[in-house]
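Q: I would like a close look at a single part of this model. Please take me through it step by step.
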Amino acid sequence: MTEDQRRAIPYAVRAAIASVAMALFLLALKGYAAWHTGSVAMLGSLADTGLDLLASLVTLYGVRLAATPADHDHRFGHGKAEALAALFQVMLITASAAAIAWRAILAFGESNPTRDADFGIGVSIVAILATLVLLVYQRSVIRRTGSVAIMADNMHYQSDVLLNGSVILALVLDQYVGWSNADPLFGIVIAAWLAFGAFRASSNAIDQLMDKEWPEEERKRFIEAAAQHPELRGIHDFRTRRSGSHDFAQFHMYVAPQMTVADAHVVMDAVEAKIRKQFPKVEVLIHLDPEGHIDTDNPLIEADVTPHWFGKRL
């Protein structure tokens, strides 16, 4: 783990703690509002906040586990705990959406009107403002750490802003316009939005668990940073992956075949130092090859035996 990664970890933990505190506050606020107004949309918002609390607790555990240093059984660290926490959030969001949709469908045949819309609207406005503060803080932490668990939590709370806005609109239409089916209808809309948010939140977590390569533009910038050393003759078998807030990159680099091992390592250290300036959070693994040599005995790179020279596609 690099020094920059160690400094980034407390930010993710603090963001997770802030998420738990926010969920507790909103749970108490919406619980009273749902009981006071009898609104299905508010009840759906309350159910989502309850799951927010559980998801935030799992996120907190995930980022703390991801911060655990590498050990004998986990040589690359515990970064994927964040992706697992994010997937758990996705399951909770999906369950919440299904429950809200079912309650809304049942409410279509009921004649119980909502009560005290002004109170429910006020609670929803407070929830929106509080959630926006949390979102801004989470986004700053994501920029610092790249935490996939905080990213999933951020997506979830983004949906909460829309959810609370829908509650306000549902209460206005139900009590002030007289559209009696507005409340359950918006409950269904909220459920559909939550399901869509779950689908979006799952993509980053699955990509990390499957060791998906970095975006092409980022790979290109990495190679350009490495190519600045004049003694580097070429690169092949370049691979990248992410694990929580940890980034990993490895490649084989060509040097002149007459170069001594000691001189080659001097070049390798210089290349790594140049990479570190532009990618301070990346753990780099470099394998030295004499120019013209290709490890065709390695089954992992049988399909990649053509040297990659700078200026050509990598």
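Is H229 buried or exposed? And what does the sheet beside that stretch of chain look like?

A: Keep in mind that this model is predicted. Start with H229 itself. It sits in the loop between α7 (216-226) and β1 (234-243). Its relative accessibility is 14%. Buried means under 20% relative accessible area, so H229 counts as buried. Which residues does it touch? Leaving aside residues up to four places away in sequence, H229 touches V267, A270, V271 and K274.

Now follow the chain into the sheet. The loop that holds H229 leads from α7 to β1. Strand β1 belongs to an open sheet of 3 strands, in the order β1-β2-β3, with mixed pairing. The edges are taken by β1 and β3 (282-290). Each has a single partner strand, so one side of each is left without a neighbour in the sheet. On average, neighbouring strands here are turned by 10° against each other, direction ignored.

What holds such strands side by side? Strands of a sheet pair through backbone hydrogen bonds, either parallel or antiparallel. Take β2 (residues 246-255) and β3: they run parallel, and 9 bridges join them. For one place to look, find D247, which stands opposite V282 in β3.

Finally, return to the helix before the loop. Helix α7 packs on the sheet and touches β1, β2 and β3. Its direction makes about 130° with that of β1. So the picture links up: H229 is in the loop between α7 and β1, and α7 packs on the sheet.

How values were computed:
Residues are numbered from 1 along each chain as its sequence is written. This is a predicted model: local features need pLDDT of at least 70, side-chain atom pairs count only at pLDDT 80 or more; totals for chains, interfaces and linings use all residues. Side-chain values use heavy atoms; hydrogens and water are left out. Helices (H or I, at least four residues) and strands (E, at least two) are DSSP runs, numbered from the N terminus. Buried means under 20% relative accessible area, exposed over 50%, partly exposed in between (1.4 Å probe, protein chains only). Contact means heavy atoms within 4.5 Å. Two strands pair if DSSP finds at least two bridges between them. Axes are lines fitted to C-alpha atoms, for helices over the stretch in contact, and angles run from 0 to 180 degrees between N-to-C directions.
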